[in-house]
Each structure stands twice: as structure tokens, then as C-alpha cells.
Amino acid sequence: MSNQRDPWSRPTMEDLRQVLENVGKSEIEHGRNAERLELSVPAEVTTSRGNVISAMTREISRFGIGLLHRGPIMPSEVTVRMASETREFEYRVAVEWCQPCSNGMFMSGGRFLTQASKS
């Protein structure tokens, strides 16, 4: 029995911890004007083509979100779905960058798109 995991499976907390340790905390302020919170919760990213990618969130702010996942996500508009114990959250996000990081994972980041209120 091989030890290979499904290449599209959700990153584990161990994967996330390793990546965060390897990335380290940047000493440079990236011109960010929003407080970012480290947040590690399971998420699902649905691309404009309808592909669903399992992910973990890395961080979140009022303006955007950082994600960790196994396959690359092209810069585009996507839907990010996260669940807490009590409810589900769904956001439209413009993925603005995606780069490979350690152990075959990818990190991406994007900004929230404001959504017209549903009447």
C-alpha cells in the first residue's frame, strides 16, 4: 500500500504548521493596512470552471484571505466556503497570486469582492 495521498486532498494541520514554520514571519510590512489574523480552518475553493479545491485558510483580514492548498489556483474570481460549528460562510474572492511552497503545497492570496445584497 503506497503512502501517496490524494494530490487534491485538503492540507492537514501538520502540512500547514510545516509551511508556516518554513515561511517564517516576514520582517517587512507589505504595505498592509489591515490587521491580519492567523486563521487555520478548512475551506473549499470553487473556481470559475466549477473545480472544487480543498484548502486551509492561513490568515484573514477585513479585506482578504490567504489560503494553503495542494494544487495551483490561477488568479481569477473564486468562491471560498468556510464553516464554523454553527454556520457556513461563503465569500467571493479575487485570487491575486499563487505560489508553490514546501512539500508540494501552494499558497495563494486574494481580496474579498463586495457582493450585492440579495433581496
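Reader: Why is Arg92 called partly exposed?

Author: In this predicted model, Arg92 has a relative accessible area of 25%. Buried means under 20% and exposed means over 50%, so Arg92, at 25%, falls in between and counts as partly exposed.

Reader: What makes Arg92 and Glu77 a salt bridge?

Author: The closest N and O atoms of Arg92 and Glu77 are 2.8 Å apart. The cut-off is 4 Å between a side-chain nitrogen of Lys or Arg and a carboxyl oxygen of Asp or Glu, and the pair therefore qualifies as a salt bridge. Arg92 lies in strand E6 and Glu77 in strand E5, 15 residues apart, and the pair links distant parts of the chain. Glu77 is partly exposed, at 43% relative accessibility.

Reader: How many salt bridges are found in the whole structure, and which residue forms one with Glu44?

Author: A search of the whole structure finds five. Glu44 is bridged to Arg81, with the closest N and O atoms 3.5 Å apart, a value within the 4 Å cut-off. Since Glu44 belongs to strand E2 and Arg81 to strand E5, the pair ties together parts that are 37 residues apart in sequence. Glu44 is partly exposed at 30%, and Arg81 is partly exposed at 26%.

Reader: What makes Glu44 and Glu90 members of one network?

Author: Arg81 also forms a salt bridge with Glu90, the closest N and O atoms being 2.9 Å apart. Glu90 is partly exposed, with a relative accessible area of 46%. Salt bridges that share partners join Glu44, Arg81, Glu88 and Glu90 into one network.

Reader: Why is the pair of Phe89 and Tyr91 called stacked?

Author: The ring centres of Phe89 and Tyr91 are 6.5 Å apart and the planes stand at 0°. Planes under 30 degrees apart count as stacked, so the angle of 0° places this pair in that class. Phe89 is partly exposed at 25%, as is Tyr91 at 28%.

Reader: How is the pair of Tyr91 and Phe112 classed, stacked or tilted?

Author: The centres of Tyr91 and Phe112 are 4.9 Å apart, with 45° between the planes. An angle of 45° is neither under 30 degrees nor over 60, so the pair is tilted. Tyr91 lies in strand E6 (residues 88-100) and Phe112 in strand E7, so the pair ties together parts that are 21 residues apart in sequence. These are the two aromatic pairs found in the whole structure, and Phe89, Tyr91 and Phe112 form one aromatic cluster.

Reader: Why is Phe112 called buried?

Author: The relative accessible area of Phe112 is 19%. Buried means under 20%, so Phe112 meets the condition. Six of the seven residues of E7 are buried, and that strand is therefore largely enclosed by the rest of the structure.

Reader: What makes E4 and E7 paired strands?

Author: Six bridges join strand E4 (residues 64-69) to E7, and the two run antiparallel. Pairing requires at least two bridges, so six are sufficient. Ile65 stands opposite Gly110 in E7. Strands E6 and E7 are also antiparallel, paired over seven bridges, and Cys98 has Ser108 in E7 as its bridge partner.

Reader: Which residue in the loop between E6 and E7 takes a positive phi?

Author: Asn103 is located in that loop, and its phi is near 40°, a positive value in a residue other than glycine. The hairpin of E6 and E7 has five residues between the strands. Asn103 is partly exposed, with a relative accessible area of 37%.

Reader: Which residues have the most contacts inside the largest nonpolar core?

Author: They are Val45, Ile65, Val78, Val80 and Val93, in a core of 14 residues. Strands E2, E3, E4, E5 and E6 each supply at least two residues of this core. Ile65 touches residues including Val80, Met82, Val93 and Phe112.

Reader: How do you know in which part of the chain confidence is lowest?

Author: The mean pLDDT in helix H1 (residues 13-23) is 64, the lowest, whereas strand E7 (residues 106-112) has the highest, at 95. Over residues 24-29 the pLDDT is below 50, and beyond near neighbours in sequence this stretch has one contact in the model. The mean for the chain is 79, and 69% of its residues reach 70 or more.

Key
Residues are numbered from 1 along each chain as its sequence is written. This is a predicted model: local features need pLDDT of at least 70, side-chain atom pairs count only at pLDDT 80 or more; totals for chains, interfaces and linings use all residues. Side-chain values use heavy atoms; hydrogens and water are left out. pLDDT is the predictor's confidence in each residue, from 0 to 100. Helices (H or I, at least four residues) and strands (E, at least two) are DSSP runs, numbered from the N terminus. Contact means heavy atoms within 4.5 Å. Rings of Phe, Tyr and Trp (its six-membered ring) pair if their centres lie within 6.5 Å; planes under 30 degrees apart count as stacked, over 60 as edge-to-face and the rest as tilted. Buried means under 20% relative accessible area, exposed over 50%, partly exposed in between (1.4 Å probe, protein chains only). A nonpolar core is a set of buried Ala, Val, Leu, Ile, Met, Phe, Trp, Tyr and Cys residues joined through side-chain atoms within 4.5 Å. Lists of a residue's contacts leave out its neighbours within four places in sequence.
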